[in-house]
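Hi,

Here is the structure I promised to hand over. Have a look at it first, then read on for what turned up.

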Amino acid sequence: RYGGVRRRTGGAGLGSSVYWTCLGRIRCCEIGSDNVRDLVGGLVDPRGLVLDLPKNRMFWTDPKAGKVQTSSLDGSRVCDVASGLPSPYGLALGPSHLYWTDRRGGSIHSCCLKSGRVSLVLGGLHLPEGVGLLNTAPRRHRSDPAGRTPPAAVLADAEPELHWRRGGGGALGRSRQRRGSAFSGGLRGGAGAA
């Protein structure tokens with residue numbers, strides 16, 4: 001079984017690479033090369049995969065292990081973002097939070113990348129799978145009447161709009177400001193959303 005595939009376009013001294021999950025491991029290959037490398041092994045069933053190129057790290061879900069994990073792009077420094085989860089599946093990365101679906105839990109969760117705090121975003125969903133984000137650009141807070149900018153709040157993430165694919169019934173859902181709704185039904189096949 002193969003999971004998510006992501007492409008990295010390199011900067012200074014870095015080539016373009018493709019990353020994917022496969023049979024208990026995360027693999028990588030430079031485009032135009034047949035040199036496939038195992039970066040992380042010993043995983044149970046890695047699925048969702050996102051790359052955070054500016055921070056030189058990747059994140060993935062492992063539904064059978066009940067974990068969301070991270071490591072450096074070279075596969076070193078593997079650690080848990082969250083564990084003891086029913087079945088984390090889809091994954092999306094915003095500017096300040098990591099989001100994932102939990103199929104058995106029927107929910108979408110987030111983790112603040114700065115504090116590590118995990119929060120429930122939406123519950124009561126039916127088998128959510130892939131997840132994607134819209135409106136993740138930072139926004140500037142308004143100044144107070146005296147023209148001062150509130151300290152510690154100069155930039156904040158815009159409220160993201162989450163989109164997810166629902167398993168079983170094949171519908172798409174979306175949420176803004178913690179309200180969920182289905183907006184398309186009767187879809188067949190596929191597990192991701194972007």
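Let's begin with a turn: G75 has a positive phi near 90 degrees, and it belongs to the hairpin made by strand 7 and strand 8, with six residues between the two strands. (Strands are DSSP runs of E with at least two residues, helices are runs of H or I with at least four, and both are numbered from the N terminus; two strands pair if DSSP finds at least two bridges between them.)

Before you go further, note that this is a predicted model, so local features need pLDDT of at least 70, side-chain atom pairs count only at pLDDT 80 or more, and totals for chains, interfaces and linings use all residues. Residues are numbered from 1 along each chain as its sequence is written, and side-chain values use heavy atoms, with hydrogens and water left out.

Back to that hairpin. Strand 7 covers residues 67-72 and strand 8 covers residues 79-82; they run antiparallel and are joined by three bridges. One pairing to find on screen is Q69, whose bridge partner in strand 8 is D80.

Two residues of this hairpin make a nice contrast. S71 sits in strand 7, while R77 is in the loop between strand 7 and strand 8. Buried or exposed: which is S71? S71 is buried, because its relative accessible area is 2%. R77 goes the other way and counts as exposed because its value is 66%. (Buried means under 20% relative accessible area, exposed over 50% and partly exposed in between, with a 1.4 Å probe and protein chains only.)

Their neighbours are worth clicking through too. Leaving out residues up to four places away in sequence, S71 touches V40, N56, R57, M58, W60, S76, R77 and V78, where a contact means heavy atoms within 4.5 Å. With that sequence limit kept, R77 touches T70, S71 and S72. Try the distance from R77 to R57 as well: the two are 20 residues apart in sequence, and their C-alpha atoms are 9.5 Å apart.

Now the whole chain. How many helices and strands does it have? The chain has zero helices and 18 strands. Of its 194 residues, 42% count as buried. Among contacts with a separation of 6 or more, 33% are between residues 24 or more positions apart. The exposed area comes to about 10,500 Å², with 49% of it supplied by carbon and sulfur atoms (Shrake-Rupley method, 1.4 Å probe; for residues, only the protein chains shown count as cover).

Next, the earlier part of the chain. Strand 2, residues 17-22, is mostly covered, with five of its six residues buried. Six bridges join strand 2 to strand 3 (residues 25-30), and the two run antiparallel. T21 stands opposite I26 in strand 3. Strand 2 and strand 3 make a hairpin with two residues between them, and L23 in the turn has a positive phi of about 45 degrees.

L43 lies in the loop between strand 4 (36-40) and strand 5 (49-52). Despite being in a loop, L43 is buried, because its relative accessible area is 14%. Apart from residues up to four places away in sequence, L43 touches G24, R25, I26, W60, D62 and Q69. L43 and K64 are 21 residues apart in sequence and 9.5 Å apart in space, C-alpha to C-alpha.

Then there is an open sheet of four strands, in the order 9-10-11-12 with antiparallel pairing. Its edge strands are strand 9 (88-93) and strand 12 (118-122), each pairing on one side only. From one strand to the next the twist averages 30 degrees, with axes as lines fitted to C-alpha atoms and angles running from 0 to 180 degrees between N-to-C directions. Inside this sheet, strand 10 (residues 97-102) is joined to strand 11 (residues 107-112) by six bridges, and L98 stands opposite C111 in strand 11.

S107 is in strand 11 as well, and it is buried because its relative accessible area is 5%. The C-alpha atoms of S107 and L120 are 7.3 Å apart, with their positions 13 residues apart in sequence counted as the separation.

Finally, R103 lies over the face of Y89, at 5.2 Å from the ring centre; the rule asks for NZ of Lys or CZ of Arg within 6 Å of the ring centre and within 35 degrees of the ring normal.

Have fun with it!
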